[in-house]
Amino acid sequence: MVKKSGVRNAAVKVKTAKKRKISSTLWLKRQLNDPYVISAKKDGYRSRAAYKLLEIDEKHHILTSYKTLLDLGAVPGSWSQIAAEKVGARGRVIAVDMQDMSSIPGVHFVHGDFTSPEIQEIIKALIPTKADIILSDMAPSATGHNLTDHLRIMGLADEVLEFTKENMNRGGALLIKLLRGGGENKYFNELREYFKEVKYIKPASSRGDSREIFIVARGFK
Ligand SMILES: C[S@@+](CC[C@H](N)C(=O)[O-])C[C@H]1O[C@@H](n2cnc3c(N)ncnc32)[C@H](O)[C@@H]1O
C-alpha cells in the first residue's frame, strides 16, 4: 500500500516536472521570437517593458518637463533607464524595488518593499519637494489564480494611491499597472477624484493574452 502510493507520488512528480519543462520551453521559445525582446537587446534596455513606457509616453507625454520621478517596482530597470534619459538631467529619479538592482547612472535606488512604512519614510526623505510623476509597474509574483493576482495588485495600487495623495505635486502624473479582474473600474473612478484626466491604456507591446492594463492619470488636483 505504502509502496503503491509512493509510486503514485513519483508519477505525479514526473508529470509535474514534464509540465514545467514544457512551459519553460514554450516561454523560452516566445522570448527568442519576441520582437520586443530582440529590440530591447539591440537598444540596450534591460527588459521588453521599456517599450510599454516609451509607447505610453509617446501618446501621453508624461515624462517631459517633470522634475522628480518615482519608479515603483523598477527591477530590472528599463523604465528607470528611460526615466533617467528623459528627466534625469533636469531632475531626480528614485527607483524602488524589493529585489536588488544594478546601478543606473542618474538613478537613486531604494531597496525594499514599497508597502513598508520604513521604506516610504526613506522615499519621502529623498523627495522633500514631493514627486511630479509616479510610475508603478509593481506586480506581486503571480500565483496563477486570476482573482488572487488581481486582488494582490489592487492592494498595491491602493497603497500607491494613498502615497500619491500625500506626496505628489499639483499637476503631477501617475502611471500604474493593474491586472483586469473587476476592481479596476472602481479604482479608475477613484483616480478621477484626484486627477483631471484619467485614461486606460493597453500598449501594443503589452502581450495580448496578458490581463495587464495601465492607467494614466494626469493633472493631480
Ligand atoms: C514587471 S517588474 C518591473 C519591470 C520594470 N518596470 C522594468 O522596466 O524593468 C515588477 C517588479 O515589481 C517589484 N515589486 C513587486 N511588489 C513590490 C513591492 N511591494 N515593493 C517593491 N517592489 C515590488 C518586483 O520585485 C518586480 O521587480
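**Note on the predicted model**

1. Lys-130 is located in the loop that runs between α5 (117-126) and β4. The structure is a predicted model, and in it the phi of Lys-130 is near 70 degrees, a positive value in a residue other than glycine. Most residues other than glycine have a negative phi. Lys-130 counts as partly exposed because it has 17 C-beta neighbours inside 10 Å, a number that falls between the limits of 12 or fewer for exposed and 20 or more for buried.

2. A second residue to inspect is His-61, in the loop between α3 and β1. The phi of His-61 is near 50 degrees, again a positive value in a residue other than glycine. His-61 is classed as exposed because 12 other C-beta atoms lie within 10 Å, and exposed residues are those with 12 or fewer.

3. The loop between β1 and α4 contains Pro-76. The peptide bond that joins Val-75 to Pro-76 is cis, with omega of about 10 degrees. Most peptide bonds are trans.

4. Helix α4 (residues 78-87) is mostly covered, with 9 of its 10 residues buried. Among the buried residues are Trp-79, Ile-82 and Val-87, together with Ser-80, Gln-81 and Lys-86. The elements against which the buried residues of α4 pack are the helices α2 (35-43) and α3 (50-60) and the strands β1 (68-72), β2 (92-97), β3 (107-111) and β4 (131-136).

5. The ligand has 22 residues around it, of which Ala-49, Gly-73, Ser-78, Phe-114 and Asp-137 come nearest. Ser-78 is also one of the buried residues of α4. Both α4 and β2 supply at least two residues each to the shell around the ligand. By class, this shell comprises 12 nonpolar, 6 polar and 4 charged residues.

6. Strand β5 (residues 168-179) is largely enclosed by the rest of the structure, because 9 of its 12 residues are buried. β5 pairs with β4 in the parallel sense over 5 bridges, and Leu-135 stands opposite Leu-175 in β5. β4 and β5, with helix α6 (residues 146-167), make a right-handed β-α-β unit.

7. β5 also pairs with strand β7 (residues 212-220): the two run antiparallel and are joined by 7 bridges. In this pairing, Lys-177 stands opposite Phe-214 in β7. When the strands are inspected, the reader may recall that side chains in a regular strand alternate between the two faces of the sheet.

Conventions
Residues numbered from 1 in each chain as written. Predicted model: local features only at pLDDT ≥ 70, side-chain atom pairs only at ≥ 80, totals over all residues. Helix = DSSP H or I, 4+ residues; strand = E, 2+ residues; numbered from the N terminus. Contact = placed C-beta atoms within 7 Å. Near = placed C-beta within 6 Å. Nonpolar A, V, L, I, M, F, W, Y, C, P; charged D, E, K, R; others polar. Pairing = 2+ DSSP bridges. Right-handed = clockwise from strand over helix to strand, strands pointing away.
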